[in-house]
Amino acid sequence: MKIIRLITPFLFGLIGIFSFAPFSIKLFIFISYAYLINLLLSKNSNSFWNVFAWGLGHWGFGMSWIIVSVYYYGETTIAISLLIYTLLITILTLVFTLPLLLLKPLLKFINTKNNLTQVLFISSILIISELSRYYFLNGVPWLIPGNIYLDTYVQNIYPIFGVTAASFLIYFLCSLFIIYRNKNLSYVALIIIVFSLIPEYKSFDIDKGIKISIVQPASDPFLKYESNYYYQIEENLDKLITKVSDDTKLIVVPEAELPYPLESSRFNNFIKKNAISKKMLIGAWVYDDNKLYNSIYSPKYNELYKKSHLVPFGEYIPFIEGFRGLIDFFDLPMSNVSHGSKNQQNIHILDGIEVSSPICFDIAFPNTVRKMNKSSLLMVNISNDTWFGDSIGPYQHISIARVRALENNKWTIRSTNDGVSAIISNKGTIVDYLDKGRSDILEGQVNLTDERTFYSLIGYKFIHLLSFMIVFIIISLSLWKNFLKKPLN
């Protein structure tokens, strides 16, 4: 097999990423997945390598920010960075893409000539595969296809059935196009795809909102954990906080900006010297039972939420502990963090108002965020996106936050160390933002909302259950037909 033949599937895997932010050429996700489905169903003897190449292109470009983190902020050689990056992309392809090769033998097993049954079966298998991203490898729910429907009319499905329903629609239309190719239904699929991408920009209303301030310090991540640099961090934070308006009710300081733990005297001094610290929610390192946690802290109520979902190769080293010590990046204070409990209480602000507070990677896990928002009135998402560098990562991240805001009908305050910080309405609209690399504060108003969406109540289960039911029913009927065909002795 010639390597040159793998370039085409590699490129088709790669172009799907242009559907996500910051490019948002949404049609490309359909081209990419239709090609993948065609590969999975083809009789080509090189299917394994073709699907593998598609996965490398898709994950390799989609998570290219990993090499930015390891190379630039790990201050290591390009060779070691490429080795670690290639290893992770290969693992992601092996775990999340190659299992789809089971699709063809499964279709052969059910042995149905009904094209619509095949389309439903393929779509359901892809949804089940997507579900695995939330659990395998501690969860890597990045590049979820349904996210691309932001700012289209289809985004109205998010508060009903969640982003999974949007993914199902993409898989269904791609399967319909491939199974019915050159037939009328393939053209119908194309028409639906085009209409599903019609833009919609939701308006927002602020009714009895509260004034908030977001601090974006843009500290240098190269120097953050160097000795004595904390003086500059404190000075910069103090300068920004003095710009906060007197009538602000809530000040949000991003993820782990201060490079020392909550228990330290320096942290206590920082809180005490700021007269408005009672208005703050601030990211902080916390030591508890000899374990380090990434948390968000409410000084007024002395409450914490500890980050539950950690970034692989950033906050912990998966698979091989021997990576620790290999490069400086893996020995930074933030690279050996413990998972917070999945059953934590929400923290409070103002006069006892409950808020959900997903930290950084937490926001990518829809069910985690949904459970947080059962009783909250506002969502506060702090993050440290400096580790993305100038890659596509920060723009993918804020898009995910917008989807969560829509799913849960929650105004969202997103505070990052160096952008993109934003105020997001409960309709997923960016009300205002601070761009990447800017040191400043962002002020505006947010609404408190207690109305829960259908998705928030029970809709989150619907598409996954439907997919499992479709697969179960189709396989069961196939087994029953095979049983009836057996001759009686």
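Trainee: Why is Asp288 called partly exposed?

Mentor: In this predicted model, Asp288 has a relative accessible area of 35%. Buried means under 20% and exposed means over 50%, so a value of 35% puts Asp288 in the partly exposed class.

Trainee: What makes the pairing of Asp288 with Lys306 a salt bridge?

Mentor: The N to O distance between the two side chains is 2.7 Å. The cut-off is 4 Å between a Lys or Arg side-chain nitrogen and a carboxyl oxygen of Asp or Glu, so the pair qualifies. Asp288 belongs to strand S3 (residues 280-288) and Lys306 to strand S5, so the bridge ties together parts that are 18 residues apart in sequence.

Trainee: Is Lys306 buried or exposed?

Mentor: Buried, because its relative accessibility is 15% and the limit is under 20%.

Trainee: How do you know that Lys202 and Glu200 form a salt bridge?

Mentor: Their closest N and O atoms are 4.0 Å apart, and the criterion is within 4 Å. The pair is therefore accepted as a salt bridge. Both Lys202 and Glu200 are buried. In the whole structure, 13 salt bridges are found.

Trainee: What makes Lys243, Arg438 and Asp440 one network?

Mentor: Salt bridges that share partners join these residues. One of the bridges runs between Asp440 and Arg438, with the closest N and O atoms 2.8 Å apart. Asp440 has 13% relative accessibility and so counts as buried, whereas Arg438, at 44%, is partly exposed.

Trainee: Why is Asn381 called buried?

Mentor: Its relative accessibility is 0%, and buried requires under 20%, so the label follows. Asn381 sits in strand S8 (residues 378-383). Beyond four places in sequence, the contacts of Asn381 include Pro358, Cys360, Ala401, Thr412 and Arg414.

Trainee: What makes the link between Asn381 and Arg414 a polar contact?

Mentor: The two side chains are joined at 2.6 Å. The limit for a pair of N or O atoms is 3.5 Å, with one able to donate a hydrogen and the other to accept it, so the pair is listed as a polar contact.

Trainee: How do you know that Thr248 and Glu443 also make a polar contact?

Mentor: The distance between their side chains is 3.4 Å, and the cut-off is within 3.5 Å, so this pair is accepted. Thr248 lies in the loop between helix H11 (230-241) and strand S2 (250-253). At 1% relative accessibility, Thr248 is buried. Its contacts outside the four-place window are Lys211, Ile212, Ser213, Lys279 and Glu443.

Trainee: What makes Asn302 stand out in its backbone?

Mentor: Its phi is near 50°, a positive value in a residue other than glycine. Most residues other than glycine have a negative phi. Asn302 is placed in the loop between strand S4 (291-298) and strand S5 (303-306). With a relative accessible area of 56%, Asn302 is exposed, because the threshold is over 50%.

Trainee: Where is Asn409, and what is its phi?

Mentor: Asn409 is in the loop between helix H14 (393-408) and strand S9. The phi of Asn409 is near 55°, again a positive value in a residue other than glycine. At 11% relative accessibility, Asn409 is buried.

Trainee: How do you know that the bond from Ala21 to Pro22 is cis?

Mentor: Its omega is near 5°. Pro22 lies in the loop between helix H1 (7-15) and helix H2 (27-41). A cis bond also joins Gly419 and Val420, with omega about 10°. Val420 is in the loop between strand S9 (412-416) and strand S10 (421-424). Most peptide bonds are trans.

Trainee: What makes Tyr153, Ile191, Val194, Phe195 and Ile198 a surface patch?

Mentor: They are nonpolar, and together they have about 520 Å² of accessible area. A patch residue needs over 30% relative accessible area; Ile191 has 49% and so passes, while counting as partly exposed. Ile191 is in helix H10 (residues 184-196).

Trainee: Which residues touch the most other members of the largest nonpolar core?

Mentor: Phe30, Met63, Trp142, Tyr149, Leu378 and Ile413, in a core of 112 residues. Helix H9 (residues 163-179) gives the most to this core, with 11 residues. A second, separate core has 22 residues, among them Leu240, Val244, Ile251 and Tyr260.

Technical notes: Residues numbered from 1 in each chain as written. Predicted model: local features only at pLDDT ≥ 70, side-chain atom pairs only at ≥ 80, totals over all residues. Heavy atoms only, no water. Helix = DSSP H or I, 4+ residues; strand = E, 2+ residues; numbered from the N terminus. Buried < 20%, exposed > 50% of the residue type's maximum accessible area, 1.4 Å probe, protein only. Contact = heavy atoms within 4.5 Å. Core = buried A, V, L, I, M, F, W, Y, C linked by side-chain atoms within 4.5 Å. Patch = residues over 30% accessible without salt bridge, like charges linked within 9 Å, V, L, I, M, F, W, Y side chains within 5 Å. Areas by Shrake-Rupley, 256 points an atom, 1.4 Å probe, with all protein chains shown as cover.
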